[in-house]
Amino acid sequence: MGHDAILLASASARRSQLLDQIGVRHRVVPADIDETPIAGEPPADYVTRLAAAKAQAVAGRQGSAPQCPVLAADTTVALDGRLFGKPEGEDDCVDMLTALAGRTHEVFTALALWSGGGLSQALNRSAVTFRPISEQECRRYWASGEPAGKAGAYAIQGLGAVFVARLEGSFSGVMGLPLFEAAALLDAAGVSRWQRR
């Protein structure tokens, strides 16, 4: 059985835009879950666990016999065993960007698709190399408003693109929704793509 639309278990405007880009009709239904990492949890395990929890939380709201597939994603930035979530303020943003500056970090994005009572998952891992960044530039970037709410305190598709010297992996994955993996999961579940709005 095919599906003309899905629920997106995310409040991220970027993820919604990426689904629009590949013509997947969707309705945004944010999941409200605890995103606290477990001590010593590897980044891949962390995002995989959260993506699954988000998908299951939204699927559960559809009642005992949910019909609409639910897609969820979670992204984190990792360097030297440290997870870089969303900055809590200017100083946290500066701390994150200073730590990432001149180094190569990893971005992990996990996907979870609940469909027909089953959960399918995929994981994307990309490597991003930053050029050196001064503290003054970090503070100017914070003042732009862009880093707030972004894993690792930057948006590769926005003003933060100027920090990126090299990317190995998926541009859309670093944005928060790897389209190659997303399309594979959606295709397997019979979700239509390339639809006009």
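Tutor: Before we start, buried means under 20% relative accessible area. Keep in mind that this is a predicted model.

Student: Got it. Which residues of helix 2 are buried, and what covers them?

Tutor: Let's take the cover before the residues. It includes strand 1 (6-8), helix 1, strand 3, strand 4, strand 5 (104-115) and strand 6 (118-130). The buried residues of helix 2 are Pro-43, Tyr-46, Val-47, Leu-50, Ala-51, Ala-52, Lys-54, Ala-55, Val-58 and Ala-59.

Student: How far apart are the end C-alpha atoms of helix 2?

Tutor: Work out what to expect before looking. Helix 2 has 18 residues, and at 1.5 Å a residue these should span 26 Å. The model agrees, with the end C-alpha atoms apart by 26 Å.

Student: Is Ser-16 buried or exposed?

Tutor: Ser-16 has its place in helix 1. Leaving out residues up to four places away in sequence, it touches Leu-8, His-26 and Val-28. Its relative accessibility is 14%, and the cut-off is under 20%, so Ser-16 counts as buried.

Student: And Ile-38, what is its relative accessible area?

Tutor: Ile-38 is in the loop between strand 2 (26-28) and helix 2. Partly exposed is the class between under 20% and over 50%. Ile-38 belongs there because its relative accessible area is 48%.

Student: How far apart in space are Ile-38 and Ala-59?

Tutor: Ala-59 is one of the buried residues of helix 2. In sequence, Ile-38 and Ala-59 are 21 residues apart. In space, C-alpha to C-alpha, the distance is 24 Å.

Student: On to the cores. Which helix gives the most to the largest nonpolar core?

Tutor: In soluble globular proteins, nonpolar side chains tend to be buried together. Here the largest nonpolar core has 40 residues, and Leu-19, Leu-97, Phe-130, Tyr-154 and Leu-177 touch the most other members. The most, five residues, comes from residues 90-100, which is helix 3.

Student: Which residues does a second, separate core include?

Tutor: This second core has 18 residues. One of its members, Ala-59, we already met as a buried residue of helix 2. Those it includes are Ala-59, Ala-78, Ala-112 and Trp-114.

Student: Last one: which element gives the largest share of the lining of the largest pocket?

Tutor: The largest pocket has a volume of about 590 Å³. Its lining of 32 residues splits into 17 nonpolar, eight polar and seven charged. Among the elements giving two or more residues are helix 1 (13-21), helix 2 (43-60) and strand 3 (70-79). The largest share, four residues, comes from strand 3.

Notes:
Residues are numbered from 1 along each chain as its sequence is written. This is a predicted model: local features need pLDDT of at least 70, side-chain atom pairs count only at pLDDT 80 or more; totals for chains, interfaces and linings use all residues. Side-chain values use heavy atoms; hydrogens and water are left out. On a 1 Å grid over the protein atoms alone, a cavity is a set of points where a 1.4 Å probe fits but cannot get out, and a pocket is an open set with protein on both sides within 12 Å along at least five of seven lines; lining residues have an atom within 4 Å of a point. Grid points are joined across faces, edges and corners, and a volume is the space filled by probe spheres set on the points. Ala, Val, Leu, Ile, Met, Phe, Trp, Tyr, Cys and Pro count as nonpolar, Asp, Glu, Lys and Arg as charged, and the others, Gly among them, as polar. Buried means under 20% relative accessible area, exposed over 50%, partly exposed in between (1.4 Å probe, protein chains only). Contact means heavy atoms within 4.5 Å. A nonpolar core is a set of buried Ala, Val, Leu, Ile, Met, Phe, Trp, Tyr and Cys residues joined through side-chain atoms within 4.5 Å. The expected span of a helix is 1.5 Å times one less than its number of residues.
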